[in-house]
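Student: Please take a close look at the aromatic rings of this structure and at their surroundings. I should like one connected account.

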Amino acid sequence: MLKIRFAEYVVLIAVLISIGALATDLMLPALGLIGHDLSVPDPNDTHIVITIFFLGMAVGQLVVGPLSDTLGRKPTIYLGYGVFLVGCLMSMFAESWTIMLLGRVLQGLGAAAPRIVTVALVRDEYEGRAMAQIMSIVMAVFILVPIVAPAIGQGVIYLGGWRATFTSLAVLGIAATIWFALRQPETLPVEGRRPFRVVSIWSGIVEIVRTRIALGYTLATGLMYGLFLGYLSSAQRIFSATFGVSDLFTLYFALSAASIGAASLLNANLVLRLGMRRLTGIAITGLTLVSFGFWAMLPGFEGMPPLWLFLAWQMAAFFCVGIIFGNLNALSLEPLGHMAGLGAAFVGSIATFMCLPLAWIIAGRFDGTVFPLVAGFAVLSLAAGCVVVWTERTSPRD
């Protein structure tokens, strides 16, 4: 097998990681149609299609990380894509809300493998600031997904109905698996694998929990994912119900993604010079100030500011998010190179379990205004900043 070139490696990693984003963003325009066709009584409940996917992913991460430390990275990713495909087929042919949700759980379980094991794969070959640079470039490529996915999903729905979105996900999953199989070598040699035993896994988890830098940045990641998933679950209703621009939803949604992508590229250029910790601290501070400042302005607009002002806040907030996301994974995994699979699983699962109730609170409190979303951003970014300060009090500088 030829050694994969760096540019292709980055794009391939981004594609593998993006399966979770695809499984949410591609079908965002279909939420209303799914709720109608499957007789969901409360329109607010359609966001469960998004959150239950992440619940499945959170559970799956607990298994696929340590499993990849035992079987190797590639076989575990193959297994995950197989489960993901079964979930897509269930949702594609669902005739009830229950079957739809079961299919989404399976999609999340399967998507956990490429999402988490790919991070471990990168950690096998890179560490520290170099890993942060790789993940920032990956994030910039990955961000093309939310820029174009809702628009593609809208086109797919127009041509084949909402069920066709799941057909598209299945086809994309198969294509990614073939590409990965042909071009990416295994990164975990047999002699470096860990036995899949409860005792071994538990001892690894105990070590992670006792490592302040790993635990602290995992908690910060969960808080940041909470506000991000809260936005994903609320965005379609905000643009349609609050601002009355449902036809332009995909365009306005893309602006936030473009802002994250620009920040990720900037982070990739700066991280080797300034370091992960400094950039993360600056970005979290900026996000907190911007969100609290905008929150303080909302009473003057009765929670319904002009669209241009909301978009300005959105782009500023997500620019900060782009800086933060590029560094948190690398920071949390920095001391866990000897068990990258279990480490990535721990970080991913704990962060996802944390973000689900937080996002549920933000999305479930939607009242026709942007108050719940902006308040969620302000409070969770402040909490993340506090966690980072606690983590850094006794942690070494990079």
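Tutor: The charged end of Lys74 is placed over the ring of Phe180, at 5.5 Å from the ring centre. This geometry, like all that follows, comes from a predicted model.

Turning to ring–ring contacts, the search of the whole structure yields 20 aromatic pairs. One of them joins Tyr231 and Phe253: the ring centres are 5.9 Å apart and the planes meet at 15°, which is under 30 degrees, so this pair is stacked. Its members belong to distant parts of the chain, with Tyr231 in helix α11 (residues 212–242) and Phe253 in helix α12 (residues 249–274), 22 residues apart. Tyr231 and Phe253 are both buried.

Phe239 and Phe249 form a pair whose centres are 6.0 Å apart; because their planes stand at 55°, the pair is tilted. Phe239 is part of helix α11 and Phe249 of helix α12, so the pair ties together parts that are 10 residues apart in sequence. Phe239 has a relative accessibility of 0% and therefore counts as buried. Phe249 is buried as well, its relative accessible area being 5%.

Phe239 also appears in the largest nonpolar core, which has 131 residues; together with Trp97, Met224, Leu287, Phe310 and Phe377, Phe239 touches the most other members. Helix α14 (residues 307–333) supplies the largest share of this core, 16 residues. For Phe310, with neighbours within four places in sequence left aside, the contacts are Ile238, Phe239, Phe243, Phe294, Pro305, Val370 and Leu373. Phe239 is thus a partner of Phe249 in the tilted pair and a contact of Phe310.

Notes. Residues numbered from 1 in each chain as written. Predicted model: local features only at pLDDT ≥ 70, side-chain atom pairs only at ≥ 80, totals over all residues. Heavy atoms only, no water. Phe/Tyr/Trp six-rings, centres within 6.5 Å; stacked < 30°, edge-to-face > 60°. Helix = DSSP H or I, 4+ residues; strand = E, 2+ residues; numbered from the N terminus. Buried < 20%, exposed > 50% of the residue type's maximum accessible area, 1.4 Å probe, protein only. Lys NZ or Arg CZ within 6 Å of the ring centre and 35° of its normal. Core = buried A, V, L, I, M, F, W, Y, C linked by side-chain atoms within 4.5 Å. Contact = heavy atoms within 4.5 Å.
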